[in-house]
Amino acid sequence: MAEAMNVLGEPLAACCTDPVTGFYRDGYCNTGGGDFGAHVVCAQMTAEFLNYTQAQGNDLSTPRPMFNFPGLKPGDRWCLCASRWKEALDDGVAPPVVLASTHASALEHVSLGDLKRYAVE
């Protein structure tokens, strides 16, 4: 299996291990055949985005102990679905993005220019 690459053409870096994120819950925004949502954008949560996504029907703030999910707060990093990040971008509430930890397949949904405009270290 080939090494996963980020949107900068470099090896994919970890997004977050506290809380553990990623489709595979390994800390990376990696993707594969079962990841129909393309959880490939490493984003740093903001209160504005968390309120927005909750209003869209995806509550990322409320803890769900039965799924070992602590709930997210502003400042946490999380692998978002590329389509949700693009939707938030279009609605003016896109959270910051960690380019080194955003999987190259995100470019199938959003432009590198848009991602760079929201980039954080």
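A disulfide is counted here as a pair of cysteine sulfur atoms within 2.5 Å. By that rule, this predicted model holds two disulfides. Count the bonded cysteines along the chain, and the links follow the pattern 1-3, 2-4.

Start with the overall build. The secondary structure comes to three helices and four strands. From the N terminus on, the elements run β-α-β-α-β-α-β. The C-alpha atoms fill a box of roughly 35 × 30 × 25 Å along the principal axes. For 121 residues, a compact globule would have a radius of gyration near 14 Å, and the protein's 13 Å agrees with that. Buried residues make up 43% of the 121 residues. Sequence-distant contacts are well represented: among contacts between residues at least 6 apart in sequence, 63% join residues at least 24 apart. The accessible surface comes to about 6300 Å². Carbon and sulfur atoms account for 52% of that surface.

Now the disulfides, one at a time. One of them joins Cys15 to Cys42, with an S to S distance of 2.1 Å. Cys15 lies in the segment before strand S1 (39-44), whereas Cys42 lies in S1, so the pair ties together parts that are 27 residues apart in sequence. The torsion about this S-S bond is about 80 degrees, so the disulfide is right-handed. Both ends are covered. Cys15 has 8% relative accessibility and counts as buried. Cys42 has 0% and counts as buried too.

The other disulfide is formed by Cys29 and Cys79, whose sulfur atoms are 2.1 Å apart. Cys29 lies in the segment before S1 and Cys79 in strand S2 (residues 77-81), so this pair ties together parts that are 50 residues apart in sequence. The link of Cys29 and Cys79 is left-handed, with -95 degrees about the S-S bond. Cys29 and Cys79 are both buried.

Why do Cys16 and Cys81 stay out of the disulfides? The reason is distance. For Cys16, the closest cysteine sulfur is that of Cys15, 6.1 Å away, which is too far for a bond. Burial does not set Cys16 apart from the bonded cysteines: at 13% relative accessibility, Cys16 counts as buried. For Cys81, the closest cysteine sulfur belongs to Cys79 and lies 10.0 Å away, again too far for a bond.

Next, the helices. Helix H1 spans residues 47-55, and its buried residues are Phe49, Leu50, Tyr52 and Thr53. Seen down the axis of H1, these residues fall within an arc of 160 degrees, so they line one face of the helix. That face packs against S2 and helix H2 (82-90). On the other side of H1, Asn51 and Ala55 are exposed. Gly57 follows H1 and has a positive phi, near 100 degrees.

H2 shows a similar arrangement. Its buried residues are Ala82, Arg84, Trp85, Ala88 and Leu89. They fall within an arc of 165 degrees down the axis of H2, so they too line one face of their helix. What covers them includes S1, H1, S2, strand S3 (97-98) and helix H3 (112-117). Just after H2, Gly92 takes a positive phi of about 80 degrees.

These faces lead into the interior. The largest nonpolar core has 25 residues. Met45, Leu80 and Trp85 have the most contacts inside this core. S1, H1, S2 and H2 are the elements that give two or more residues to this core. H2 gives the most, with four residues.

Which residues does Leu80 touch, leaving out those up to four places away in sequence? They are Ala38, His39, Val40, Val41, Ala43, Met45, Phe49, Leu60, Trp85 and Pro95. Met45 and Trp85 are on that list, and with Leu80 they are the residues with the most contacts inside the core. Phe49 is on the list as well and belongs to the buried residues of H1.

Apart from the largest core lies another, of six residues, among them Cys15, Cys29, Cys79 and Val98. Here the disulfides return to the picture. Cys29 and Cys79 are bonded to each other, and this core includes both. Cys15, also in this core, is bonded to Cys42.

Note on methods. Residues numbered from 1 in each chain as written. Predicted model: local features only at pLDDT ≥ 70, side-chain atom pairs only at ≥ 80, totals over all residues. Heavy atoms only, no water. Buried < 20%, exposed > 50% of the residue type's maximum accessible area, 1.4 Å probe, protein only. Arc of directions from axis to C-beta. Contact = heavy atoms within 4.5 Å. Rg over C-alpha atoms; globule rule 2.2 N^0.38 Å. Areas by Shrake-Rupley, 256 points an atom, 1.4 Å probe, with all protein chains shown as cover. Core = buried A, V, L, I, M, F, W, Y, C linked by side-chain atoms within 4.5 Å.
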